[in-house]
Amino acid sequence: MNKEIQNKAIHQRKNKISVLFLFLLLMMTIFLFSVLKTISSDRRIPSHNSTIHDRSFRGAIISEDGYTLSSSQKTYQAVIRGASIVPEKKALFVKLFSIYSGIPEEDLLKKFKNRKGKEIKGNIILSKTINSRSAMQLKSLAYKLRKLDVFQSIKTRSGIEVVYGLDIIENGESRRFPLRDVLSPILGYVGNKSDGRYTRTSGKKGLERSYEKHITSKKNGYFKGKRDVGGTVIHDKNSIKLQRVDGLDLHLNIPLALQRRVELMLDQMKLSIDADEIIAGVMESKTGKVLSMASSNRYDPSHIQQKDIAALVPKFTEYPYEAGSVLKPLTIALALDKKRITPDTWFKTGYKKFDITGGQSVSDDDYFESIPVTDIIVHSSNIGTSQISWKLSGKEFREGLLKFGLAQKTGIDLSRDLPGSLKPLRLLDHKMHRANSAFGYGMMVTFTQLMKAYSAFNNDGLAVTPRLVDYLQDAQGKHYTLSPTIGNSQAVSKKAANQVHDMLLEVVKRGTGVAAQYPGLEIGGKTGTAHIAKKGRYVREYHSSFYGFANDKEGHKYTIGVMVIRAKKRFKYFASQSAVPTFRRITDILVELDYLKPEGGVEVVSPEIKVEPKSPPKIIHKPEVKQTEKKKKVIAEPVRKPSPTVKELFKIEKTPTPKPQPEPKSVNTTPAKDKSPHELFEDLF
């Protein structure tokens, strides 16, 4: 019996020990699992190492005289946790943030509520477009707000009390255009692209787009190493620094001083003649360097509005049009080059209507029984030009225009360079189509194509490719140049080009270009007033053009072009009344800035542009002209106007004199947590 009791007790003891062992084994398993989980999980323990990111920038665009036209800057976002602001001090927070950021208080208050009007307790992005300067000020404000006990601690899911403050976080880069509408639409504009965390800009039009590959940011930099308790990276032999690589800077051939003067003048001319738009260009005839390419219709790339949409497209290369009589010098140059005519070859032009076959006829504004080739240009004879075109075959005519750069891209360094169009050879073999194209109809050309073509008449027959950018530069100051995609073209022989050059001089001396005369300078060019076609019919709207050159005795030679779109004031649609006076005022600016130096040092300024939109139209007065039997001569008294500085052109005001500071107030020693929001605000300032 005792033995049974003893065995039973032993058995019970074994069971208890087994249960205890299993319990201990389970507890050990749980402990080991917990340790393993702790080891393998992210415990968010601060790393001993830290990395400072140095993100690269997009390159800047800089004028020839050193002014920054476009550059990039870092942007930051401001984030606050709604529940972390002490309710009684929310008004103080909003007021101070509004002062530092420039965001209206009412806009900030809206961000604290969701669509249903309830207060947001989580993260609130107050702004995503804070610049570097404001970011520094807001970081300072964040520190001050902590000192003023504006923020309260909140419990996390793990039960830890955490105080969230105002966080200013770098979130991307933005493009700034400090001079606003200057050089638009040539500069172009940018759009944003984001990887979800960081936003960068990319070119969408103009130079920003055409040089995207070269000016976009290349490689981010960083500084990596061990950190101290404050999170600052320690500079020692083990720290690693990778230098960032920014995009290349574009240095233009265009000086701001010249560009801005031309733009302001075009603005006045547009109002004076009530035109839709005026565009103009100045280019060195020998090198193709563009010194100015301006439009009266500009926009601020930083703040594009609905009304700016039409102006986004640069009409210099993206607006093919029927140019009219400015094509006549090209036709005559081809015939001279083929030795089918000479400047003194006479043609019968005494027709009221001249049949060009196919039931179509042309006429001239001035009646002459017969005139030589030079006077066909001077008096812009459609009849004479038609007959000259018939001296060429369709193939010779078409291939000759191609050599001038028509119906193909010019090679200018803009994002889009439309080729325009010529009639096919099968049509140009027909006399009617050849005559029609000879004086600028039935073909589509761009402003830049005609600038390139006319450079041949001021450069021994060589048509040069226009170039906006002089060179690219990296951070070390090394220069890079890119060859144009399309090079220069020998359009006609030197002899033929110089013969047309002399004819264009005669146009200004005694033809439709007399208003372009400037004493002491060599001025030549050709006018063109062409109907605009709508829905297959020509309407009473016009493109008015004047392309030519301005040279001095010191070897400065410039090709200049002006195109006026739809001048609506009476008689101002004639190129002689709109494009030519604009050309002359560009010459005034070139003389004012010493790009041209008239012989004898005489400077003659055109009359002031009169803008009277509500009054009956008035003709812009020309300098007094005295007639002689042989030629017209401009006589005017020398006038020297003070040349405004670049700052004056932008109406930059002087920095205001700082106001005297008030006497310092007595210090309020009340603890911050016991002060009212009004007292806290007073203390901060």
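D149 sits in the loop that runs between α4 (132-147) and β5 (153-155), and its backbone stands out in this predicted model. Its phi is near 55°, a positive value in a residue other than glycine. For context, most residues other than glycine have a negative phi, and most peptide bonds are trans. As for the surroundings, D149 is partly exposed, at a relative accessible area of 33%.

R180 pulls a similar trick: not a glycine, yet with a positive phi of about 60°. R180 belongs to the loop between β7 and β8, and with 60% relative accessibility it counts as exposed. That loop, bounded by β7 (167-176) and β8 (190-194), also holds P185. The peptide bond joining S184 to P185 is cis, with omega about 5°. One further positive phi, about 70°, turns up at D594, just after α17.

Helix α17 itself (residues 579-592) is well behaved on paper. Its 14 residues should span 20 Å at 1.5 Å a residue, and the end C-alpha atoms are indeed 20 Å apart. As for burial, 14 of the 14 residues of α17 are buried, so the helix is largely enclosed by the rest of the structure.

Helix α16 (residues 494-510) passes the length check too: 24 Å expected for 17 residues, 25 Å found between the end C-alpha atoms, which agrees. Its buried residues include A496, V500, L504 and V508, along with H501 and Q499. A bit of helix geometry is handy here: an α-helix has 3.6 residues a turn, so residues three or four places apart point the same way. What do the buried residues of α16 pack against? The partners are three helices, α9 (328-337), α10 (373-378) and α15 (447-455), plus the strands β23 (522-534) and β24 (537-551).

On to the nonpolar interior. The largest nonpolar core has 81 residues, and the members touching the most others are L207, L330, I332, F404, L468 and Y547. Helix α16 supplies the largest share of this core, seven residues. Apart from it lies another core, of 37 residues, with I278, Y518, F583 and V604 among them. In general terms, nonpolar side chains tend to be buried together in soluble globular proteins. Back in the largest core, Y547 has contacts beyond its neighbours within four places in sequence, including Y321, V326, F447, L450, Y454, I560 and M563.

Rings come up a lot: the count comes to 18 aromatic pairs. In one of them, F316 and F447 meet edge-to-face, 5.9 Å centre to centre and with 70° between the planes. The two rings come from distant parts of the chain, F316 from helix α8 (residues 315-318) and F447 from helix α15, 131 residues apart. F316 is buried, at a relative accessible area of 1%, and F447 is buried as well, at 0%. Y558 and Y595 are another edge-to-face pair, at 6.4 Å and 80°. Y558 is in strand β25 (residues 557-565) and Y595 in the loop between α17 and β26 (625-627), so the pair ties together parts 37 residues apart in sequence. Both of these tyrosines, Y558 and Y595, are buried. F316 and F447 also belong to one aromatic cluster with F404, Y454, F457 and Y547.

Finally, charges over rings. The charged end of R81 sits over the ring of Y164, 4.7 Å from its centre, while K431 lies over the face of W390, 4.1 Å from the ring centre.

Key
Residues numbered from 1 in each chain as written. Heavy atoms only, no water. Helix = DSSP H or I, 4+ residues; strand = E, 2+ residues; numbered from the N terminus. Buried < 20%, exposed > 50% of the residue type's maximum accessible area, 1.4 Å probe, protein only. Expected span 1.5 Å × (residues − 1). Contact = heavy atoms within 4.5 Å. Core = buried A, V, L, I, M, F, W, Y, C linked by side-chain atoms within 4.5 Å. Phe/Tyr/Trp six-rings, centres within 6.5 Å; stacked < 30°, edge-to-face > 60°. Lys NZ or Arg CZ within 6 Å of the ring centre and 35° of its normal.
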